[in-house]
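Got your viewer open? Load the model, switch on a cartoon with side chains available on demand, and follow along one selection at a time.

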Amino acid sequence: MITFTTMMSLLAVFAAVASLLTEGVKTFLNEMKISYASNILVLIISLVVGCGGTALYYVNYQVPFTALNSVYIALMGISNWLASMLGYDKVKQTLMQIAEMGKR
């Protein structure tokens, strides 16, 4: 069983990783001039990072893969997607606004 504190810690780490990976992939796709839907891209990357990271956590800490724990894996993927949608772009925008305020 995974505790709430552990789940929130994993979610914070996974959301940061997924946001950074998404920005990297978006930059690569823009350089290659490939069109994409950014929300779908975030969804795919977040599900892979969230579900895969939780599964790796279970393997590392020898948590059994029961039906309930499988639901937790799926919920972590969805939670990671929602958290990642709010992540990197908003942080980047905030830092740019702070920098602009410092120039005044």
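## Stop one: the tyrosines

Select Y58 to begin: its relative accessible area is 1%, so this residue counts as buried, the limit being under 20%. You're looking at a predicted model, by the way.

Keep Y58 on screen and add Y57. Their rings form a tilted aromatic pair, with 6.3 Å from centre to centre and 55 degrees between the planes. Now add Y61, which also pairs with Y57 in a tilted arrangement: here the centres are 4.7 Å apart and the planes make an angle of 40 degrees. Is Y61 buried or exposed? Exposed, with a relative accessible area of 54%.

Bring in F65 as well, and you have the whole cluster: ring pairs link Y57, Y58, Y61 and F65. The count of aromatic pairs in this model comes to 3.

Before you move on, show everything in contact with Y58. Leaving out residues up to four places away in sequence, Y58 touches I2, V63, F65, N69, Y72 and I73. So F65 turns up twice on this stop, once as a member of the ring cluster and once as a contact of Y58, a contact being heavy atoms within 4.5 Å.

## Stop two: the nonpolar core

Next, select L10 together with Y58. Which residues touch the most other members of the largest nonpolar core? These two, L10 and Y58, out of a core of 14 residues. Colour by helix here: α1, α2 and α3 are the elements that give two or more residues to this core.

## Stop three: along α1

Select residues 4–31, which is α1. This helix has 28 residues and runs 40 Å from its first C-alpha to its last, close to the 40 Å expected at 1.5 Å a residue. To see the side of α1 that is tucked away, pick out L10, L11, F14, A15, A18, S19, T22, E23, K26 and L29, which are buried.

Two of these deserve a zoom: K26 and E23. They form a salt bridge, and the closest N and O atoms are 3.4 Å apart. Both residues sit in helix α1, 3 residues apart, or about one turn of the helix. Charged or not, K26 is buried and so is E23. How many salt bridges does the model have? The count comes to 1.

Stay in α1 and click T22. T22 has a relative accessible area of 3%, so T22 is buried by the under 20% cut-off. Beyond its neighbours up to four places away in sequence, T22 touches L41, V42 and I45.

For contrast, go to T5, also in helix α1. T5 is exposed, with a relative accessible area of 58%. Draw a distance from the C-alpha of T5 to that of G102: the two are 97 residues apart along the chain and separated by 37 Å.

## Stop four: N80 in α3

Now jump to N80 in helix α3. What is the relative accessible area of N80? It is 0%, and N80 counts as buried. Show its contacts, again skipping neighbours within four places in sequence, and you get L11, F14, A15, A18, S46, V49 and G50. Four names there should ring a bell from the previous stop: L11, F14, A15 and A18 are among the buried residues of α1.

## Stop five: two loops with positive phi

Select K33, in the loop between α1 and α2 (38–60). Just after α1, K33 takes a positive phi of about 60 degrees, although K33 is not a glycine. This residue is exposed, at 76% relative accessibility.

Then look at Q62, in the loop between α2 and α3 (67–85). Phi of Q62 is near 55 degrees, again positive in a residue other than glycine. Q62 is exposed too, with a relative accessible area of 71%.

## Last stop: colour by confidence

Finish by recolouring on pLDDT. The protein averages 89, and 93% of the residues score at least 70. Where is confidence lowest? In helix α4 (residues 88–103), at a mean of 73, while α2 is highest at 94. As a reading habit, where pLDDT is low, the predicted coordinates should not be read in detail.

Note on methods. Residues numbered from 1 in each chain as written. Predicted model: local features only at pLDDT ≥ 70, side-chain atom pairs only at ≥ 80, totals over all residues. Heavy atoms only, no water. Buried < 20%, exposed > 50% of the residue type's maximum accessible area, 1.4 Å probe, protein only. Expected span 1.5 Å × (residues − 1). Phe/Tyr/Trp six-rings, centres within 6.5 Å; stacked < 30°, edge-to-face > 60°. Core = buried A, V, L, I, M, F, W, Y, C linked by side-chain atoms within 4.5 Å. Salt bridge = Lys/Arg side-chain N within 4 Å of Asp/Glu carboxyl O. pLDDT = per-residue confidence, 0-100.
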